[in-house]
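This report covers internal cavities, a surface pocket and a strand arrangement. Please view the sequence and the structure together while reading.

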Amino acid sequence: MRTTRFWPINSSFGLYKALLLFFILQSFNSQAHTLMTTPPILQKGDTIAILATARKNLDNNLQPAIDLIHSWGLEVVIGSTIGLDDNQLAGTDTQRAADFQKQLDNPNIKAIWCVKGGYGTVRIIDLLDFTKFKQNPKWIVGFSDITVLHNHLNTMGFKTIHGVMPVTVARATPEAIESLRVSLFGEKLSYTITSDLKNRIGSASGELVGGNLSILYSLLGSPSAIDCTDKILFLEDLDEYLYHIDRMMMNLKRNGCLESVKGIIVGSMTEMKDNDIPWGKNAVEIIEDVTKKYNIPVIYNFPAGHIRDNRALVLGETVQMKVTPQSASVTFN
């Protein structure tokens with residue numbers, strides 16, 4: 001009787017080759033997953049649409065933004081949601097979604113500039129169809145409640161711009177305005193500021209994600225939640241109770257977001273509120289307390305958020321952050 005033998009060395013070698021192939025494929029898949037799409041940079045003559053995804057805008061306050069767009073050699077279209085009034089919102093969910101969809105699908109619109117934040121963008125996100133956007137991407141610009149769009153588009157692999165909005169143009173600093181222009185026209189973007197005493201020294205490189213802390217917190221567990229793994233996380237907020245800041249930071253921690261990031265950039269924590277019985281820490285101290293166990297660089301008091309000097313950030317872009325006792329820098333690739 002003839003016996004067939006299976007030699008262990010051959011079996012092991014075959015298993016080794018299979019495992020090697022598996023890890024190579026996983027590496028390629030990972031690289032493909034992290035490759036973010038950059039919408040076309042703006043050119044003279046391109047058109048920007050101004051519309052509302054959240055709070056209503058009834059005031060005659062858009063002329064500074066319109067003049068700014070024209071000074072850049074661009075054209076402007078005003079969306080149908082500007083002037084609509086549905087209690088706090090700029091029209092019904094259906095109206096706001098339809099206006100956004102119209103500008104999203106229009107190939108002649110090269111950027112959508114959300115007029116203001118507040119609340120309401122999350123109510124329309126699931127009504128939108130991004131099929132044509134994927135074929136013809138464009139810049140989505142704004143901050144605060146617009147973090148819903150930033151995060152949702154990040155999960156789809158598209159870069160967006162966190163920056164001043166039309167209603168904040170009149171009071172924004174020249175530096176904030178110029179940083180938005182630089183971002184839209186694809187010029188080199190970098191920042192160097194004086195180092196805050198609370199900064200954590202070090203350097204890191206990774207994709208920049210984040211936005212308004214309250215919105216990030218509200219999106220966790222949804223299809224619009226960002227993946228924090230190996231990212232640089234940006235945070236800012238406005239008009240929150242201090243214990244809410246602690247609760248939201250604890251949620252990020254318990255969801256594994258803080259353990260997986262390479263670095264944190266903290267923008268403005270503006271007009272925070274406290275209870276009759278004080279929480280005992282301000283917003284920066286809360287963030288510092290929750291993140292102190294992680295050996296990562298942290299920048300505090302970065303000029304972005306609900307402040308006049310709201311510098312533009314290209315979310316989804318790879319950045320290098322470097323923190324020394326004297327200065328903190330953020331450089332975009």
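The sections below describe a predicted model, beginning with its sheet.

## The sheet

Seven strands form an open sheet with mixed pairing, in the order β6-β13-β12-β7-β8-β9-β10. Its edges are β6, residues 190–194, and β10, residues 298–299, each of which pairs on one side only.

Within this sheet, β7 and β8 run parallel and are joined by 6 bridges. Strand β8 covers residues 231–238. Across this pair, Gly 210 stands opposite Phe 234 in β8.

## The largest pocket

The largest pocket holds about 650 Å³ of space. Its lining consists of 30 residues. Those nearest the pocket centre are Gly 117, Gly 118, Ser 144, Leu 238 and His 306.

Two elements, α7 (213–219) and β8, give two or more residues each to this lining. Helix α7 gives the most, with 4 residues. By residue class, the pocket lining has 12 nonpolar, 10 polar and 8 charged members.

## The largest cavity

The structure contains 2 cavities of 30 Å³ or more. The largest cavity encloses about 50 Å³. Its lining is made up of Asn 151, Leu 216, Leu 219, Leu 220, Ala 225, Ile 226, Cys 228, Leu 233, Leu 252 and Cys 257.

Of these lining residues, 9 are nonpolar and 1 is polar, with no charged residue.

## The second largest cavity

The second largest cavity has a volume of about 30 Å³. Around this cavity lie His 150, Asn 151, Asn 154, Val 209, Gly 210, Ile 226 and Leu 315. The elements that supply two or more of these residues are α5 (147–156) and β7 (202–212). Helix α5 has the largest share, 3 residues.

The lining of the second largest cavity divides into 3 nonpolar and 4 polar residues, and none is charged.

## Residues and elements that recur

Asn 151 and Ile 226 belong to the lining of the largest cavity and also to that of the second largest cavity. Gly 210 lines the second largest cavity and stands opposite Phe 234 in the sheet.

Strand β8 pairs with β7 and contributes to the lining of the largest pocket. Strand β7, in turn, contributes to the lining of the second largest cavity. Neither cavity has a charged residue in its lining, whereas the largest pocket has 8.

Methods: Residues are numbered from 1 along each chain as its sequence is written. This is a predicted model: local features need pLDDT of at least 70, side-chain atom pairs count only at pLDDT 80 or more; totals for chains, interfaces and linings use all residues. Side-chain values use heavy atoms; hydrogens and water are left out. On a 1 Å grid over the protein atoms alone, a cavity is a set of points where a 1.4 Å probe fits but cannot get out, and a pocket is an open set with protein on both sides within 12 Å along at least five of seven lines; lining residues have an atom within 4 Å of a point. Grid points are joined across faces, edges and corners, and a volume is the space filled by probe spheres set on the points. Ala, Val, Leu, Ile, Met, Phe, Trp, Tyr, Cys and Pro count as nonpolar, Asp, Glu, Lys and Arg as charged, and the others, Gly among them, as polar. Two strands pair if DSSP finds at least two bridges between them.
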